[in-house]
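Here are a few exercises for getting to know a new structure. Try each task on your own, then follow the solution step by step.

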Amino acid sequence: MSGEIEKKQMDWANIGFNYHVTDQRYVSNYKDGKWDDGVLTSDDKITISECAGVLQYSQSCFEGLKAYTTEDGKIVTFRPDLNAERMENTCKRLEMPVFPKERFIDAIERVVAANEAYVPPYGSGATLYIRPYMFASSPVIGVKPAEEYQFRVLVTPVGPYFKGGAKPLTIKVSDFDRAAPHGTGHVKAGLNYAMSLHAIVTAHEEGYSENMYLDPATRTKVEETGGANFLFVTKDQKVVTPKSESILPSITRRSLMIVAKDYLGLEVEEREILLEEVKDFAECGLCGTAAVISPVGKIVDHGKEICLPSGMDEMGPITKKLYDTLTGIQMGRIEAPEGWIHVIK
Ligand SMILES: *Cc1c(COP(=O)(O)O)cnc(C)c1O
């Protein structure tokens with residue numbers, strides 16, 4: 001027998017992007033200046049001091065990636081080394097201890113393997129979302145970094161992001177700011193999300209799917225949304241993405257730029273993008289692990305509508321090619337660049 005695991009009976013197409021508790025998670029504690037060995041545990045609860053640093057001053061950060069079942073039945077993740085490096089940068093900015101890259105990848109491998117029954121089958125459109133995170137666990141009352149931390153990895157199956165095709169979104173130019181110059185916009189700190197909640201709830205109430213944040217200093221340049229980077233296609237088929245010190249460096253966006261150049265033979269450019277020039281673009285998409293690319297059909301700037309020529313019915317043609325190529329690479333249908341696909345089993 002190959003020791004094949006029996007998959008959980010879940011309605012993969014309809015589980016949505018919600019937390020479903022799985023069997024095992026990884027936990028490692030940092031104390032007296034070092035990380036312990038780390039363990040897998042079935043305990044999904046955490047007990048910490050009522051005065052823990054994370055509860056008082058929000059010292060926490062996270063990462064997000066996915067495990068996929070490929071066409072030939074392997075379980076893989078996509079560029080987990082980049083998540084490890086990004087979390088390292090985040091921890092340094094937040095005065096948190098770095099969890100070493102090899103151990104980060106090892107923890108992911110162990111948690112995914114231990115929850116193999118929850119890795120959705122190939123072709124279901126669903127994936128296993130992986131959430132590494134770290135928080136200050138020891139008490140802090142005077143403002144300073146905590147002494148003790150916990151690093152964890154949990155996994156939860158998530159459904160296909162686009163059910164029945166990817167419909168272009170309508171988004172608004174926000175009056176709120178996401179990240180200050182020289183602030184924490186370039187790192188994956190939980191606090192960036194806490195303060196974006198009011199802006200997204202407001203946008204949803206007004207009927208928009210997302211916010212386009214501008215640079216807070218001049219309010220003339222495109223930054224990103226609350227959780228995804230922008231990618232634009234010019235009318236002469238160049239793929240452009242905003243350059244800014246306060247954008248979170250999306251692994252999906254960085255990968256798509258390589259796909260555009262090396263697989264589709266397109267010109268690519270990372271540069272400052274003015275809100276004013278957005279009306280001249282042919283296509284617009286939002287890039288992140290959750291959806292890979294969500295097409296944008298319309299951007300509303302204080303009542304003024306910018307309608308992308310790709311329209312409100314389907315993804316633009318270049319966006320679609322980028323989407324199909326990157327998801328093809330992730331699912332093992334298209335040969336990946338060296339090091340992109342990390343086989344777990
Ligand atoms: C996580 C995140 C993204 C997307 O990054 P991926 O690595 O592609 O998932 C984009 N913007 C923000 C603000 C994020 O936190």
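**Exercise 1. Is R79 buried or exposed?** Work out its backbone angle and its place in the chain too.

*Solution.* Keep in mind that this is a predicted model.
- Step 1: the relative accessible area of R79 is 12%. Buried means under 20%, so R79 is buried.
- Step 2: look at the backbone. Phi of R79 is near 50 degrees, which is a positive value in a residue that isn't glycine.
- Step 3: put that in context. Most residues other than glycine have a negative phi.
- Step 4: find the spot. R79 sits in the loop between β6 (75-78) and α2 (80-93).

**Exercise 2. R219 also has a positive phi. Find its salt-bridge partner and say what the pair ties together.**

*Solution.*
- Step 1: phi of R219 is near 50 degrees, and R219 is not a glycine.
- Step 2: the salt-bridge partner is D177, with the closest N and O atoms 2.6 Å apart.
- Step 3: R219 lies in the loop between β10 (210-212) and β11 (229-233), while D177 is in the loop between β9 (169-173) and α4 (190-194), so the pair ties together parts that are 42 residues apart in sequence.
- Step 4: check the exposure. R219 has a relative accessible area of 29%, so it is partly exposed. D177 is at 34% and counts as partly exposed as well.

**Exercise 3. Two other salt bridges each stay within one helix. How far apart in sequence are D106 and R110, and how far apart are D324 and K320?**

*Solution.*
- Step 1: take D106 and R110. Both belong to helix α3 (residues 101-114), 4 residues apart, or about one turn of the helix. Their closest N and O atoms are 3.6 Å apart.
- Step 2: D106 has 32% relative accessibility, so it counts as partly exposed. R110, at 31%, is partly exposed too.
- Step 3: take D324 and K320. They are 4 residues apart in helix α7, so about one helical turn separates them. Their side chains meet at 2.8 Å, N to O.
- Step 4: D324 is partly exposed, with a relative accessible area of 35%, and K320 is partly exposed at 39%.
- Step 5: there's also a network to spot. Salt bridges with shared partners join K238, E267, E269, R271 and E277. The count of salt bridges comes to 21.

**Exercise 4. Compare the expected span of helix α6 with the distance between its end C-alpha atoms, then do that for α7.**

*Solution.*
- Step 1: α6 covers residues 251-263, which makes 13 residues. At 1.5 Å a residue, these should span 18 Å, and the end C-alpha atoms are 17 Å apart, so the values agree.
- Step 2: α7 covers residues 317-330, which makes 14 residues. The expected span is 20 Å, and the end C-alpha atoms are 20 Å apart, so that agrees too.
- Step 3: see which parts are covered. The buried residues of α6 include I251, T252, R253 and S255. Among the buried residues of α7 are I318, T319, L322 and T325.
- Step 4: look just past each helix. G265 follows α6 with a positive phi of about 65 degrees, and G332 follows α7 with a positive phi of about 80 degrees.

**Exercise 5. Which residues come nearest to the ligand, and what else does S250 do?**

*Solution.*
- Step 1: there are 15 residues around the ligand, and K188, Y193, S250, T252 and T289 come nearest.
- Step 2: an N or O atom in the side chain of S250 is 2.5 Å from an oxygen atom of the ligand.
- Step 3: S250 also caps the N-terminal end of α6, with a side-chain oxygen 3.2 Å from the backbone nitrogen of T252.
- Step 4: a polar side-chain atom of R86 lies 2.8 Å from a ligand oxygen, and a polar backbone atom of I251 is 2.9 Å from a ligand oxygen.
- Step 5: taken alone, the ligand exposes 380 Å², and the protein buries 96% of that.

**Exercise 6. Which residues form a nonpolar patch on the surface?**

*Solution.*
- Step 1: the patch is made of Y57, I141 and V143, with about 350 Å² of accessible area together.
- Step 2: zoom in on V143, found in the loop between β7 (127-136) and β8 (149-158).
- Step 3: exposed means over 50%. V143 has 71% relative accessibility, so it counts as exposed.

How values were computed:
Residues are numbered from 1 along each chain as its sequence is written. This is a predicted model: local features need pLDDT of at least 70, side-chain atom pairs count only at pLDDT 80 or more; totals for chains, interfaces and linings use all residues. Side-chain values use heavy atoms; hydrogens and water are left out. Helices (H or I, at least four residues) and strands (E, at least two) are DSSP runs, numbered from the N terminus. The expected span of a helix is 1.5 Å times one less than its number of residues. Buried means under 20% relative accessible area, exposed over 50%, partly exposed in between (1.4 Å probe, protein chains only). A polar contact is a pair of N or O atoms within 3.5 Å; within protein, one must be able to donate a hydrogen and the other to accept it, and residues adjacent in sequence count only if both atoms are side-chain atoms. Patches are made of residues with over 30% relative accessible area and no salt bridge: like charges are joined within 9 Å, nonpolar side chains (Val, Leu, Ile, Met, Phe, Trp, Tyr) within 5 Å. Accessible areas come from the Shrake-Rupley method with a 1.4 Å probe; for residues, only the protein chains shown count as cover. A salt bridge is a side-chain nitrogen of Lys or Arg within 4 Å of a carboxyl oxygen of Asp or Glu. A residue is near a molecule or strand if one of its heavy atoms lies within 4 Å of it.
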